[in-house]
Amino acid sequence: MDTRLPAEIRPVLDNGIPAAMVTCSGDGVPNATAISQVYYVSETHVALSFQFFNKTIRNVRENPRAHVTVHDIHGKSLWMLELEFERSETEGPVFDAMDMQIEAIASMTGMTGIFKLRAADIYRVISVERQFYPPHV
Amino acid sequence: MIPGKIIHFFDRANVGLAGTRDRNLVPHGHSVCGWALAPDARTLTVFVPEGGRKHLIESLEDNGQIALTIEQYPEHEAYQFKGRYIRHRPAEKGDAEIAERIRERFVQSVLAFVGERAGPSLRAFVQVPALAIDFEVRELFVQTPGPGAGARLVGGEG
């Protein structure tokens, strides 16, 4: 299990397939949700979009740990990232780049006007692991 | 009691993810390849492939907390079910048949976007079930993106 994001994960983060995120409230209730974007910041950090003030956003401010699954359908694998929330950015290059991507995703998925970036939440990568889908037929 | 509207949704949905947490409040995500509602309309069985087992049973036996999100992709209609673990067992032939139906729904709904060549990869995405987890649904939330996201449909005070 690595603690740094390998170069091969970068195109997977850009593939437009929704990722899945699990968080946990301070009183121990897990929350699972789809997220539209995992943005590569560096080998040690990713940014996730803060679009709505929802349970996920509340949870990571109570308990900073998060688990994200990113699907690489063409590579027949998934990547599992253990993350820790560090800070929220509402301006700067990461925010601007994510804002543009969100607009593009919203346009492609018919969600224009619904997807709107409020902040780029920056997470430290605790671990990253790739798991290949087993053949099923 | 899960509303009838949601029971019909189970037959359209094509993607799922389960979440648990361990004793240190560290969350864990688990791939899901199927679901089935018991006749009591309260107990949900979720099918988990081999690759989704990591931390799953340890976490459930420690604290019983589980969240399950099910989505109809690419429409993005989604609901989250939260509840308490009851039991688990090895997956059976009937469970695999349910997963197969969900796999085909998923493949047919996505092929239009990605092309026929992606068919084998898409089929691999929804894996064969290894475990069946029963849990009692105590809360149900809308998770479709938009202004109604987060609305509670079942459980709690609200």
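**Chain A: a helix on a sheet**

Trainee: What covers the buried residues of H2(A)?

Mentor: Their cover includes E1, E2, E5 and strand E6 (77–89) of chain A. Buried means 20 or more other C-beta atoms within 10 Å of the residue's own, exposed means 12 or fewer, and partly exposed is in between, with C-beta atoms placed from the backbone. Helices (H or I, at least four residues) and strands (E, at least two) are DSSP runs numbered from the N terminus. Keep in mind that this is a predicted model, where local features need pLDDT of at least 70 and side-chain atom pairs count only at pLDDT 80 or more, while totals for chains, interfaces and linings use all residues. Residues are numbered from 1 along each chain as its sequence is written, and chains are lettered from A and ligands numbered from 1 in the order in which they are written.

Trainee: Which residues of that helix, H2 of chain A, are buried?

Mentor: H2(A) covers residues 55–62, and Lys55(A), Thr56(A), Asn59(A) and Val60(A) are buried there. Viewed down the helix axis, the buried residues fall within an arc of 125°, so they line one face of H2(A). That arc is taken over the directions from the helix axis to the C-beta atoms.

Trainee: And the sheet, what is the strand order in chain A?

Mentor: Seven strands make an open, antiparallel sheet in the order E2-E1-E5-E6-E7-E4-E3 (chain A). E2 and strand E3 (38–42) of chain A are the edge strands, each pairing on one side only. Strands count as paired when DSSP finds at least two bridges between them.

Trainee: How many bridges join E4 and E7 of chain A?

Mentor: Strand E4 (residues 45–50) and strand E7 (residues 119–132) of chain A pair antiparallel over six bridges. Within E7(A), Tyr123(A) is the bridge partner of Val46(A).

Trainee: Back to E1(A): are its faces covered or open?

Mentor: Both are covered, with Ala19(A), Met21(A) and Thr23(A) buried on one side and Ala20(A), Val22(A) and Cys24(A) buried on the other. E1(A) spans residues 19–24, and six of its six residues are buried.

Trainee: What joins E1(A) to E2 of chain A?

Mentor: Six bridges do, with E2(A) covering residues 30–35 and the two strands running antiparallel. Pro30(A) in E2(A) is the bridge partner of Cys24(A). The two strands form a hairpin with five residues between them, and Gly28(A) in the turn has a positive phi of about 90°. E1(A) also pairs antiparallel with strand E5 (residues 65–72) of chain A, over four bridges. There, Ala66(A) in E5(A) is the bridge partner of Thr23(A).

Trainee: Switching topic, how many residues of chain A are in contact with chain B?

Mentor: 34 residues of chain A are in contact with 36 residues of chain B, a contact being two C-beta atoms, placed from the backbone, within 7 Å. E1, E2 and E5 of chain A each supply at least two residues of the side that touches chain B.

Trainee: Where is Asp62(B), and in which helix?

Mentor: Asp62(B) is in helix H2 (residues 56–63) of chain B. Asp62(B) counts as partly exposed because 15 other C-beta atoms lie within 10 Å. Leaving aside neighbours within four places in sequence, Asp62(B) is in contact with Asp22(B) and Arg23(B). Its C-alpha atom is separated by 9.1 Å from that of Arg21(B), 41 residues apart along the chain.

Trainee: Last one: how much of chain A counts as buried?

Mentor: Of the 137 residues of chain A, 40% do. The C-alpha trace of chain A spans about 40 × 35 × 25 Å along its principal axes.
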